[in-house]
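Here are some exercises to try with the model open. Work each one out by eye, then read the solution.

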Amino acid sequence: MATQDGSEEVIMDTEANLKEAAEPLGEVADKGDTETTCQTDAGDATTQDCSISNGAEADDSREMVDLKIIWNKNKYDLKIAVDDTGAKLKEGIHSLTGLPPSMQKVMYKGLLPEDKTLREIKITNGAKIMVVGSTINDVLAVNTPKETIQEEVKAEENKKEPLCKQKQHRKVLDKGKPDDIMPAFKGTKERLPTVPLSGMFNKSGGKVRLTFKLEQDQLWIGTKERTEKVPMGSIKNVVTEPIEGNDDYSMMAFQLGPTEASQYWVYWVPAQFVDAIKDTVLGKWQYF
């Protein structure tokens, strides 16, 4: 009831205003159960949902493997889905090392195929992946003379009779197939075996074995007398030709210098390993 001067009415209006002002505060307090005050980059406090997924849900649905990447004497840890391809692995290596995928030569029991999954390649948890690569300037500096040498070698070969019929090779091939040579399979391509390729002949008719030391990026050419450790980057060219009458085997030459005189010949190389050897020694980035 208002007094004659209206003082009671003023008091009631003030209480009503305070009640209305308190209601929004209660709503904010109720929302505090589901929302959290987050700090933005600018330092302003904003109210929003702060639950952030760290990707664990996606990882839980895919089988992962932990790999050890070895490049330039450094080791890196990489976790990747086993159903990702070799190309995806190269992207992961790029993120770790800064080495572009096109400049990578990735080794796992031979040169890693980009179009197959890690499951198909049979890469298991804890596997060591060897990576060889350098800057584009270094590669171009090495490849320019190799390209010229390759063209000269091909042009010269076109003028000559088949290698198998040349006298220098016939004296080795006429000895026949070595008794302890590894089995060969024509028309198939296999990755490099984990053991050395053995039982073959060299140009002098002595036994020779090839060991691919991928971590050191070296080819070891071993004979009874000694083992030569040849950096793969120093090999200018690889020449191959099936052996006539035994085309499940090939003869192969590693050109260690600028001319044919530096070729190291190996005879009775199983056909299924020929492409893997060439890819591993020369690398897919070679512009031949």
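Axes are lines fitted to C-alpha atoms, for helices over the stretch in contact, and angles run from 0 to 180 degrees between N-to-C directions. Helices (H or I, at least four residues) and strands (E, at least two) are DSSP runs, numbered from the N terminus. This is a predicted model: local features need pLDDT of at least 70, side-chain atom pairs count only at pLDDT 80 or more, and totals for chains, interfaces and linings use all residues. Residues are numbered from 1 along each chain as its sequence is written, and side-chain values use heavy atoms, leaving out hydrogens and water.

**Exercise 1.** Work out the order of the four strands in the open sheet.

Start with the edges: S4 (74-81) and S5 (105-107) each pair on one side only, where pairing takes at least two DSSP bridges between two strands. Filling in the middle gives S4-S3-S6-S5, with mixed pairing. Next, take S5 and S6 (residues 128-132): they run antiparallel, joined by three bridges. In that pair, Val106 sits opposite Val131 of S6.

**Exercise 2.** Find which strands helix H3 lies across.

H3 (residues 86-97) lies across S3 (64-71), S4, S5 and S6. Against S4, the helix runs at about 140°.

**Exercise 3.** Decide whether Lys90 is buried or exposed.

First, place Lys90: this residue belongs to H3. Its relative accessible area is 8%, so Lys90 is buried (under 20%; exposed means over 50%, partly exposed in between, with a 1.4 Å probe and protein chains only). Then list its contacts (heavy atoms within 4.5 Å): leaving aside neighbours within four places in sequence, Lys90 touches Pro101, Gln104, Val106 and Glu114.
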